[in-house]
Amino acid sequence: MGSMEDLRVTECTRCPALVDSRSQIVNGTGPEDADVVFVGEGPGANEDAEGEPFVGRSGTVLDDQLRIVGLERDRVRITNCVRCRPPENRDPTKDELANCRGYLEAELDRLDPEVIVTLGKVPSEHLLERSVAVTKEAGTLEDVRIEGTPRRLLICVHPAATLYDRSQEETFADALERAADLADVGDDGSGQTRLDGF
Ligand code: URA
């Protein structure tokens, strides 16, 4: 068993455009025994500045909903498809996603979570390797093989979607509620305890 330090990418120059646009590599955050792993697209300006995923407005939306469903932020793992900020917040390219995929797969393999939750179209399509109508498919549980191991993947809209379109709030909330339910399944008491009465 390696340490969490092995999951940290400290040096990488595979993506020339991202090496130029990043100020640092933004690694995943959260405990190694997390039952739920959230996978976003890539760091934005706030994440690039702070060196942690989902610390801007999207992060506030995510944290608020995590609390509502009884999954505290410090008990879940949060990571991204690419670890360096794309210029002007453009989507990562296919090559950039491919360059970073090994780091993500190693992280998911090590964490061995109950469920992987993909936040938005980019991570959903990246891990499922198909096109995804994310609003329509949000809340759907899929089987996916990662590094040869079958995993459960829950499709979710990106938290930022709720900021642009209020009608997505419920879609987002329902998907996170399902993630919390899935995290409870197979809980042997060593994992997450949900906060009731919230
Ligand atoms: N959006 C993402 O997809 N990831 C982050 O880390 C922040 C915002």
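## A ligand and its protein surroundings

An oxygen atom of the ligand lies 3.0 Å from an N or O atom in the side chain of histidine 158. Taken alone, the ligand exposes 230 Å², and the protein buries 92% of that. Keep in mind as you explore that this model is predicted. Let's look at the ligand's surroundings, and then at some strands.

**Where the ligand sits**

- The ligand takes up the space of the largest pocket.
- Around the ligand you can find Gly40, Glu41, Gly42, Glu47, Pro53, Phe54, Asn80 and His158.
- Sorted by character, the residues of this shell comprise two nonpolar, four polar and two charged.

**Contacts with the backbone**

- Glycine 42, one of the residues around the ligand, has a polar backbone atom 3.0 Å from a nitrogen atom of the ligand.
- Phenylalanine 54 is also on the list of surrounding residues, and a polar backbone atom of phenylalanine 54 is 3.0 Å from an oxygen atom of the ligand.

**The hairpin of S4 and S5**

- Strand S4 covers residues 141-146 and strand S5 covers residues 149-156; the two pair in the antiparallel sense over six bridges.
- To see one of these pairings, find aspartate 143, whose bridge partner in S5 is arginine 152.
- Another place to look is glutamate 142, which stands opposite leucine 153 in S5.
- Two residues lie between the strands of this hairpin, where glutamate 147 takes a positive phi near 50°.

**S5 and its parallel partner**

- Strand S3, made of residues 115-119, runs parallel to S5 and is joined to S5 by four bridges.
- Here isoleucine 116 stands opposite leucine 153 in S5.
- Leucine 153 is a handy landmark: isoleucine 116 stands opposite this residue, and so does glutamate 142.

Conventions:
Residues are numbered from 1 along each chain as its sequence is written. This is a predicted model: local features need pLDDT of at least 70, side-chain atom pairs count only at pLDDT 80 or more; totals for chains, interfaces and linings use all residues. Side-chain values use heavy atoms; hydrogens and water are left out. A residue is near a molecule or strand if one of its heavy atoms lies within 4 Å of it. A polar contact is a pair of N or O atoms within 3.5 Å; within protein, one must be able to donate a hydrogen and the other to accept it, and residues adjacent in sequence count only if both atoms are side-chain atoms. Accessible areas come from the Shrake-Rupley method with a 1.4 Å probe; for residues, only the protein chains shown count as cover. On a 1 Å grid over the protein atoms alone, a cavity is a set of points where a 1.4 Å probe fits but cannot get out, and a pocket is an open set with protein on both sides within 12 Å along at least five of seven lines; lining residues have an atom within 4 Å of a point. A molecule sits in a cavity or pocket if more than half of its atoms lie within 2 Å of its grid points. Ala, Val, Leu, Ile, Met, Phe, Trp, Tyr, Cys and Pro count as nonpolar, Asp, Glu, Lys and Arg as charged, and the others, Gly among them, as polar. Two strands pair if DSSP finds at least two bridges between them.
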